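This report goes through the fold of one protein chain, from its sheet to its core. The sequence and the structure come first.

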Amino acid sequence: MYVDLRVAITGRRTIPTNDLLSIKDEISKCLIKIKKQYQDQSICLLSGLAEGADRLVVKIGLELGIPYKAILPMAFSEYIADFDRFCFIHCFVFFGLILL
């Protein structure tokens, strides 16, 4: 698939619980605006899938039909060592990553 527009994601690992709903709403509005503005182009989110903002934006993007590509910041073996076991399994099952 040819991708015309790539949107990179970066943000905090921790998101204050009391702000989560408003942050989700703003992310959703922003992604919807991008989809409308670039409706004739394909869009792809780029994310390191870090805990927090990276995953939140990807999750909302997937709900809106926007695909993503994982851009890992280090070798895969080092990357997975940064996760606790539950988080690792949840992240990789939810985001559909294939382990080789």
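Helices and strands here are DSSP runs, helices (H or I) of at least four residues and strands (E) of at least two, numbered from the N terminus. In those terms, Gly65 comes just after helix α2 and takes a positive phi of about 80°.

The model is predicted. Mean pLDDT over the chain is 82, with 79% of the residues at 70 or more. Among the elements, helix α1 has the highest mean pLDDT (96), and helix α4 (residues 85–94) has the lowest (62).

**Sheet**

Three strands form an open sheet in the order β1-β2-β3, and their pairing is parallel. β1 and β3 are the edge strands, each pairing on one side only. On average, neighbouring strands of the sheet are turned by 25° against each other, direction ignored. The two pairings are set out below.

| Strand pair | Sense | Bridges | A facing pair |
|---|---|---|---|
| β1 and β2 | parallel | four | Ala8 and Leu46 |
| β2 and β3 | parallel | three | Ser47 and Ala70 |

In a regular strand, side chains alternate between the two faces of the sheet. Strand β1 (residues 5–8) shows this alternation: Leu5 and Val7 point to one face and are buried, whereas Arg6 and Ala8 point to the other and are not buried.

**Helices around the sheet**

Helix α1 (residues 20–37) joins with β1 and β2 in a right-handed β-α-β unit. Helix α2 lies across β2 and β3 and runs at about 160° to β2.

How many of the 11 residues of α2 are buried? Eight are, so the helix is mostly covered, buried meaning under 20% relative accessible area. The buried residues of α2 include the charged-type names Asp54 and Arg55 as well as Leu56, Val57, Val58 and Ile60.

**Core**

The largest nonpolar core has 16 residues. Val7, Ile27, Leu31, Ile34, Ile43, Leu45 and Val57 have the most contacts inside this core. At least two core residues come from each of β1, α1, β2 and α2. α2 gives the largest share, four residues.

Leu31 is one of the residues with the most contacts in the core. Leaving out residues up to four places away in sequence, Leu31 touches Leu45, Val57, Ile60, Gly61, Leu64 and Ile66. Two of these partners, Leu45 and Val57, are also listed with the most core contacts, and Ile60 and Gly61 are among the buried residues of α2.

Note on methods: Residues are numbered from 1 along each chain as its sequence is written. Side-chain values use heavy atoms; hydrogens and water are left out. Buried means under 20% relative accessible area, exposed over 50%, partly exposed in between (1.4 Å probe, protein chains only). Two strands pair if DSSP finds at least two bridges between them. A crossover is right-handed if, with the strands pointing away from the viewer, the path from the first strand over the helix to the second runs clockwise. A nonpolar core is a set of buried Ala, Val, Leu, Ile, Met, Phe, Trp, Tyr and Cys residues joined through side-chain atoms within 4.5 Å. Contact means heavy atoms within 4.5 Å. pLDDT is the predictor's confidence in each residue, from 0 to 100. Axes are lines fitted to C-alpha atoms, for helices over the stretch in contact, and angles run from 0 to 180 degrees between N-to-C directions.
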